[in-house]
Amino acid sequence: MTSLVRIPAHVQPPRVTPPVTRDVLPGVTSSVGDKASAPRTDAYQTVNTTSSTTAATGANPVTAKALSDIQSGRVWDLAPANASPEAGAFLQSVSARLDEYAAGKAGASVRALELQGKDAATLHAELLAAGFQHRREPLKGPMRPRQVGEQDGVPVYARTDGGRTTNPADPLIAMEQTYVRADGTRTTSPDDNVVPHDIYVHPADGGMVRIKPQGDPSSPMRPQPHASKAVLLRGSGVAGRFDVERDTGWNNEAFKVTNDGHPVPKAPQPHFGLRGTGGSHTQLARFKAPAADSSAAYADVIMGAAHTNLSPP
Amino acid sequence: MITHFSLTPSGKPAAVLQDVIAHATRDPAVIHVDRGHGVHWLLFCDSAATALDERARLARGETVASAVGSVVVEGNSYEVNQECSEPARARLASLVRFILKSHGPCFVHDADAQANVSAQVQQDPEILFR
């Protein structure tokens, strides 16, 4: 199925630097022109953003393989070779959570939750009725050192002891949080035309839903309004209950859940449980997929399946 | 691994940015997009071939694939997103190592743990990647 969304002009790239025209990697010469240089004049453009979960046309062997792997669970490798100790420990926890998810003891609240075809307000009402906790926060941008001046063109930053420094790695550097405005730029004021981020957590089973009702206008990948489902690792409350104020960080996210209810790694890397880069080249060859580009296409399908575009209000 | 982090290099922001873009775009699998208003995207693809596909998507006004790694630059703040495919992540890591080495010391903030990790990264930059 194909969904159409309207993407504001400000998310369109005004200028793409042409690729280099000389050989910079052995055997590789870039030759494409600067097709994106023309500024857009229309306020909105209709873009085909076919959801990867529903894009199983059968025409693309990598897409077909990725969707098949999601459904069969073959997308997972919870004991990858050469895993770092950090990755190994994380994947052990994920493995336990996957077992609980399969048994209906974790994330049951999000498994059958339908996101497709709904707007943010509809989902908000459904989630509250289903017992989810809700927190709305301004969508955060990066944390940065707090600049207070300039010295010969070099930024001067505040220190927490009242001093100043030009060293951004100073141990006493003062930091400030930035937020994402609707035009994709950042501000330090959460009230300065900043877009919202809604987070919902089911306190009993650790199911989590993130909704960006105005998208993330600063994102090259997903500026459009969208939602995702996930299962958290641990609850910090009494008897392990989950708390929307404390437990929703990326590091506490075990895995994402597709709209159809299948668990997938939260990022498309072996570190988070993705099997290789979409299977071995031999496996991919069986599907007549060009190995050099198949890992990106495979990863794109997996991550596309973990996010659902929202309907307009 | 720290999947999402921001860094702020030392030195004059405009000169650093120019050097970083020049270094990054020597690799044809990296795309630079000047968004205007001082915002720049560096997009890391699996290969030169996939970068051509992504350029075509951008030219059509579409978003880039989820498998692409990104550094979003605004002013002297570099927001790094390693939530991408493994080959793209390796390219992105290479650029971050270059920034840390050529334009350090850098402020580094772990967005996932909400912690200033500048000192740890100065000691061992690989904590960002392993």
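Below is a chat about a predicted model with chains A and B.

Biologist: Let's start with the two chains. How many residues of each are in contact with the other?
Modeller: On the chain A side 59 residues are in contact, and they meet 66 residues of chain B.

Biologist: Which elements of chain A give two or more residues to that side?
Modeller: Four strands and a helix: S2 (15-16), S3 (44-48), S5 (140-145), S7 (154-158) and helix H6 (291-305), all of chain A. H6(A) gives the most, with eight residues.

Biologist: And what kinds of residues does chain A put there, in terms of nonpolar, polar and charged?
Modeller: The side of chain A that touches chain B divides into 32 nonpolar, 18 polar and nine charged residues.

Biologist: OK, what about the nonpolar core, how many residues are in the largest one?
Modeller: The largest has 93 residues. Those with the most contacts inside it are A:Val231 and A:Ile302, plus B:Leu43, B:Phe44, B:Cys45 and B:Val68. H6(A) turns up again here, as the largest share of this core, eight residues, comes from that helix.

Biologist: What is A:Ile302 in contact with, leaving aside its neighbours within four places in sequence?
Modeller: The list is A:Ala66, A:Ile70, A:Val75, A:Val264, A:Pro265, A:Pro268 and A:Leu274. Apart from the largest core lies another one, of five residues, including A:Leu139, A:Tyr179, A:Val180 and A:Val195.

Biologist: Give me the overall picture of chain A. How many helices and strands?
Modeller: Chain A comes to six helices and 16 strands. Of its 313 residues, 41% are buried. If you take the contacts with a separation of 6 or more, 61% are between residues 24 or more positions apart.

Biologist: You mentioned S7(A) at the interface. Which strands share an open sheet with it?
Modeller: S7(A) sits in the middle of the order S6-S7-S8, and the pairing is antiparallel. The edge strands are S6 (147-151) and S8 (164-165) of chain A, each pairing on one side only. Between S7(A) and S8(A) there are two bridges, and A:Tyr157 has A:Thr165 in S8(A) as its bridge partner.

Biologist: Switching to chain B. How far does helix H2 reach?
Modeller: H2(B) covers residues 48-59, so to speak, 12 residues, and reaches 16 Å from its first C-alpha to its last, close to the 16 Å expected at 1.5 Å a residue.

Biologist: Which of its residues are buried?
Modeller: In H2(B), the buried ones are B:Ala48, B:Thr50, B:Ala51, B:Glu54, B:Arg55 and B:Leu58. They are on the same side of H2(B), because they cover an arc of only 150° around the axis.

Biologist: What follows that helix?
Modeller: B:Gly61 follows H2(B), with a positive phi near 80°.

Biologist: Which residues other than glycine have a positive phi?
Modeller: Among them are A:Asn82, with phi near 65°, and B:His37, with phi near 55°. A:Asn82 lies in the loop between H1 (61-72) and H2 (85-102) of chain A. B:His37 is in the loop between strands S2 (30-36) and S3 (39-44) of chain B.

Biologist: Is each buried or exposed?
Modeller: A:Asn82 counts as exposed because it has 6 C-beta neighbours inside 10 Å. B:His37 counts as exposed too, with 11 such neighbours.

Biologist: Last one: where is there a cis peptide bond?
Modeller: It joins B:Gly104 and B:Pro105, with omega about -5°. B:Pro105 is in the loop between helix H3 (86-102) and strand S6 (107-110) of chain B.

Key
Residues numbered from 1 in each chain as written. Chains lettered and ligands numbered in written order. Predicted model: local features only at pLDDT ≥ 70, side-chain atom pairs only at ≥ 80, totals over all residues. Contact = placed C-beta atoms within 7 Å. Nonpolar A, V, L, I, M, F, W, Y, C, P; charged D, E, K, R; others polar. Expected span 1.5 Å × (residues − 1). Buried ≥ 20, exposed ≤ 12 C-beta atoms within 10 Å, placed from the backbone. Arc of directions from axis to C-beta. Pairing = 2+ DSSP bridges. Core = buried A, V, L, I, M, F, W, Y, C linked by C-beta atoms within 7 Å.
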